[in-house]
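Trainee: I'm new to this one. Could you walk me through it?

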Amino acid sequence: MSDARPDPDPLDRVTSLAREAANAPVPAEIHAEGRNRFLAAALRQPFATRPATDETSLFRQGLRRYALRLALAACVALAGVYVLSSRGFFATSHPLEYEVTGNATSASSYVVASLDSSATVRFSDGSDVVAVPGSQLRVEETSNDGARLLVERGTATAHVKHRARSSWLFVAGPFEVHVTGTKFGMAWDPVKEEIDVTMYEGSVEIDSPIGPSRYSLRAGHRFHASVLEGTVKMDGARSPTTENANPAVPVPVTSGVGAGVTTSAPADTAESTTVPTAPAIATQRPEAWPDLVRRGAFDRVVSAAKDRGIAACVASCSASDLRALGDAARYVGDVDTATRSLLALRSRFSGTRNASAAAFLLGRTNESKGDVREADRWYRTYLDEASHGEFAADALAARMRTSVALDGPSAGAAVAREYLVRYPNGVHAGTARKLSGSE
Amino acid sequence: MSGSPVVRKQSQVSRFPQERLGDAELVEAVTRGDSGAAGVVWDRYSALVRGVLRSNLGADPAVEDLLQEVFIVFIRGAGELRKAGALRPYLVSVAVRLVLVELRRRKIRRWVTLSPTGDVPPIPVAPRDLAGTMALGALYRLLDELPERRRVAFVLRHVQGFDVAEVALALGVSESTAKREAARARGSIVRRAERREPALWEYIRALEQARDE
């Protein structure tokens with residue numbers, strides 16, 4: 001029998017047929033559609049940044065070439081600046097000036113509002129900062145484009161004039177609020193180490209030692225963080241009509257941080273995310289789970305979660321960690337952990353985009369374990385919650401499959417028609433046309 | 001010393017075409033958020049990744065979704081790609097991970113018999129001759145019986161033509177393991193073809209005879 005066994009070469013002929021078939025180029029429109037879909041999705045993703053390590057020396061050769069050009073360009077630019085400044089072009093530029101009214105101290109840079117009245121710092125560009133009664137601020141420095149203020153205690157309401165170039169920084173404990181032009185309230189309790197930022201106009205970015213390093217806030221958002229508890233909470237999206245509601249109501253800070261903030265999000269529009277990220281946990285888990293998922297280390301995320309206890313994580317992990325765990329578990333085929341993470345994401349962060357995404361991913365997870373009916377239910381849930389969401393096209397395509405499996409081709413045809421109306425050039429348009437009978 | 005001033009003609013400065021950038025530079029650009037570079041990565045590697053997915057999974061509608069998922073994982077993880085030649089193996093390894101999950105998914109489907117599509121879908125493009133088509137179908141039926149890792153090792157090594165080091169990297173195993181898995185898969189296929197897949201067996205025999213003649 002062994003004599004009759006073929007030489008391996010003929011099998012290679014069969015595998016080469018498989019290679020030809022698998023590697024056959026797709027039509028240009030499929031390639032372009034996939035490319036567009038990817039780039040659209042990529043724009044919604046946080047682009048990963050390269051860690052600042054010595055490993056970047058791998059790019060040194062290329063960088064050296066560009067560095068030389070950069071140095072030459074910098075020399076030319078510096079020469080230009082020198083010429084312009086020597087001709088008095090910058091003669092009118094100078095740091096912002098300011099005056100303080102209602103200050104309980106005589107030092108102009110140290111602003112203390114008495115317990116019964118507020119103090120106001122007015123800057124020469126028209127910006128102003130009001131310290132509510134009992135609050136303490138320090139104007140650390142001013143520049144041509146803004147100032148750096150330290151909120152030592154209490155609540156400040158800032159109205160920063162937007163200009164072509166402006167650079168304002170408000171510091172409270174370990175938090176830094178970067179501002180270009182906006183109106184917002186900010187409170188800091190140095191004892192409880194809690195910050196509260198309420199946005200009225202424009203946007204700011206907050207550098208935070210807790211959770212993701214930087215948060216972006218827009219009008220209507222409220223940001224609350226506790227260093228001691230290691231939590232961050234963001235409430236969002238009030239209706240525009242309430243955004244400007246009496247932003248500078250001065251309320252003494254004796255009742256705690258954020259006491260001056262009287263507006264709150266209506267329940268039906270609020271998006272609230274609590275991120276418990278205790279420092280103790282951070283030290284136990286030096287590499288964040290979303291980062292591990294980004295670089296494909298799915299096993300490490302799942303095993304880290306199991307070390308910690310899936311039940312504990314489901315009860316207390318942040319939304320981003322639950323999402324990361326859900327993804328990682330799905331990728332390694334741990335359906336149970338994926339399901340528990342995603343269900344927790346939905347129950348604990350109800351109403352958020354993450355919760356809707358979890359519905360879609362639960363559909364995927366259930367489909368992967370063969371529970372088509374449950375998968376279909378989750379896909380429908382996702383489409384109900386986020387009909388134009390990031391997974392809408394995929395959810396409709398998935399529903400084509402589940403509908404056919406559950407109720408036959410006619411049910412699938414109805415979904416296919418809906419898909420074609422919404423995504424006539426979608427990746428699954430060909431399948432949809434076949435299913436709907438339009439091809 | 002006298003002489004006329006040298007007048008240099010101002011040269012046109014244009015952007016270096018991204019299509020001609022190396023992988024490392026493209027990754028660097030992607031980490032800066034350059035979507036144009038991301039597009040070039042797609043242009044350069046989507047065919048390879050699609051090939052890996054299709055050679056493992058057949059013409060499954062999920063292939064295009066998985067292809068998207070591979071590149072989204074890349075966008076999220078580009079910052080970790082520190083070696084100049086890491087992009088291709090990285091994309092392949094992500095694709096392989098997704099393939100393994102998809103294969104497990106299909107296995108579960110078959111167990112619970114909830115879906116008729118638990119079998120390997122037809123290959124993407126049928127070869128020109130009928131015998132070849134049938135042999136290929138038989139090959140995939142046999143592949144479907146193998147453990148996932150062994151199956152993928154075989155497909156990467158013998159269908160995609162990757163070298164052993166690439167297969168090992170994609171599967172996250174040692175080179176000796178990759179080599180052993182691919183060889184065992186090959187042995188299993190040949191033995192089982194002889195017993196159960198006459199279309200494949202006869203096709204191989206015919207090729208063998210033609211070669212000997």
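Mentor: Sure, and one term before we start: pLDDT is the predictor's confidence in each residue, from 0 to 100. Keep in mind that this is a predicted model.

Trainee: How many contacts beyond four places in sequence does the model have for residues 112-118 of chain B?

Mentor: Chain B has a mean pLDDT of 78, but over residues 112-118 of chain B pLDDT stays under 50. Residues 1-15 of chain B also stay under 50, with zero contacts beyond four places in sequence. Where pLDDT is low, the predicted coordinates shouldn't be read in detail. For residues 112-118 of chain B, the number of such contacts is eleven.

Trainee: Over in chain A, in which sense do β6(A) and strand β7 (residues 168-172) pair?

Mentor: Let's go round the partners of β6(A). Strand β4 (residues 128-131) of chain A pairs with strand β6 (residues 147-160) of chain A in the antiparallel sense, and strand β8 (residues 175-189) of chain A pairs with β6(A) antiparallel too, over seven bridges. With β7(A) there are three bridges, and the sense is parallel.

Trainee: Which residue is the bridge partner of A:V139 in β6(A)?

Mentor: Six bridges join strand β5 (residues 136-142) of chain A to β6(A), running antiparallel. Those two strands form a hairpin with four residues between them. On the β6(A) side, the partner of A:V139 is A:L149.

Trainee: And in β7(A), what is the bridge partner of A:L149?

Mentor: We just met A:L149 as the partner of A:V139. Looking towards β7(A), the residue paired with A:L149 is A:F170.

Conventions. Residues numbered from 1 in each chain as written. Chains lettered and ligands numbered in written order. Predicted model: local features only at pLDDT ≥ 70, side-chain atom pairs only at ≥ 80, totals over all residues. Pairing = 2+ DSSP bridges. Contact = placed C-beta atoms within 7 Å.
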